Amino acid sequence: MSNFTQVANFNGQIPRIDPDDSAMLLIDHQSGLFQTVKDMPMTELRANAITLAKVATLAKMPVITTASVPQGPNGPLIPEIHEAAPHAQYVARKGEINAWDNPEFVAAVEKTGRKTLIIAGTITSVCMAFPSISAVNAGYRVFAVIDASGTYSKMAQEITLARVVQAGVVPMDTAAVCSEVQRSWNRPDAAQWAAAYSQVFPHYQLLIESYMKAQQVAKDNEVLDSQR
């Protein structure tokens, strides 16, 4: 009988993201690989990956990117990630499928000094799963962002989830990552966080616009059309 009592490596602490101890790893979000994604709309995947880069920038979190043979059919990284996170460090690989097999990638992670990793990657079952499992084995606390990773079938996504959870990876979605990193709306940059959320929740942007307009009407004592 197994004496296995706790999967995730959080040493009895609440398994949640501490932005001051976290680094964001965005792996293989490439235009060619995006064309193989079938478990979610590619536009949503792209928006979620970009949102993670924006949130990491707002939280002053290190970001490391890498690509799998970007000069080949896998295609280049989508440019919006480095536009949203200008401080991101790109690590070139020498053909390794698992980014964690590349010593320079691991060295870049170690250099951050962070022990919690937020990982998203395309393809989910390979580019996200392989380094996530490897990082847990290396002693890191790992959160995998499933809806900022994409794969070739819903079945592949479900199998991968089962695998990474057994290995000690904590699965999350993009909105949950945003909220846990943000911590509070009572902060001076709250409007920037709301703007980032609008990428994940396009309908939320409509709510924000309606609210802002209502506030402006009250502030300016604007005459309603019905009272003209």
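Modeller: Before we start: a helix here is a DSSP run of H or I with at least four residues, numbered from the N terminus. Keep in mind, too, that this is a predicted model.

Biologist: Fine. In what order do the six strands of the open sheet sit?
Modeller: The pairing in this sheet is parallel. Neighbouring strands are turned by 25° against each other on average, ignoring direction. Reading across the six strands, the order is β3-β2-β1-β4-β5-β6.

Biologist: And which strands stand at the edges?
Modeller: Look for strands with a single partner, because one side of such a strand is left without a neighbour in the sheet. That fits residues 89-92 and residues 170-172, which are β3 and β6.

Biologist: How many bridges join β2 to β3?
Modeller: β2 covers residues 63-67 and runs parallel to β3. One pairing you can look up is A67 of β2 with A92 in β3. The count of bridges joining these two strands is four.

Biologist: On the β1 side, which residue of β2 is the bridge partner of L25?
Modeller: β1 and β2 also run parallel, joined by four bridges. Within β2, the partner of L25 is I64.

Biologist: Is β2 largely enclosed or open?
Modeller: Take the two faces in turn: V63, T65 and A67 are buried on one side, and I64 and T66 are buried on the other. That makes five of five residues buried, so with respect to the rest of the structure β2 is largely enclosed.

Biologist: On to the helices. At about what angle does α2 run to β1?
Modeller: Helix α2 is residues 42-58, and it lies across β1, β2, β4 and β5. Its angle to β1 is about 150°.

Biologist: What about α7 and β6: at about what angle does that helix run?
Modeller: Helix α7, residues 174-182, lies across β4, β5 and β6. To β6 it runs at about 100°.

Biologist: How are α2 and α7 oriented to each other, roughly parallel or roughly antiparallel?
Modeller: Two numbers describe such a pair, the angle between the axes and the distance between them. Here the axes are 10 Å apart and the angle is about 10°. Angles under 35 degrees fall in one class, so α2 and α7 are roughly parallel.

Biologist: How many charged residues does the contact of α2 with α7 have?
Modeller: From α2 come N48, T51, L52 and V55, and from α7 come T174, V177, C178 and V181. By class, five are nonpolar and three are polar, while the number of charged residues is zero.

Biologist: Let me zoom in on N48. Is it buried or exposed?
Modeller: N48 lies in helix α2. Beyond its neighbours within four places in sequence, N48 is in contact with M40, D147, A148, T174 and V200. Its relative accessibility is 5%, and since the cut-off is under 20%, N48 counts as buried.

Biologist: And T174: which side chain does it join through a polar contact of 2.7 Å?
Modeller: T174 sits in helix α7 and is buried, at 0% relative accessibility. Among the residues T174 touches, leaving out those up to four places away in sequence, are N48, T51, V145, D147 and V200. The side chain at the other end of that 2.7 Å polar contact belongs to D147.

Definitions and conventions: Residues numbered from 1 in each chain as written. Predicted model: local features only at pLDDT ≥ 70, side-chain atom pairs only at ≥ 80, totals over all residues. Heavy atoms only, no water. Pairing = 2+ DSSP bridges. Axes fitted to C-alpha atoms, helices over the stretch in contact; angles between N-to-C directions. Contact = heavy atoms within 4.5 Å. Buried < 20%, exposed > 50% of the residue type's maximum accessible area, 1.4 Å probe, protein only. Parallel < 35°, antiparallel > 145°, perpendicular 65-115°, else oblique. Nonpolar A, V, L, I, M, F, W, Y, C, P; charged D, E, K, R; others polar. Polar contact = N/O pair within 3.5 Å; in protein donor to acceptor, adjacent residues only side chain to side chain.
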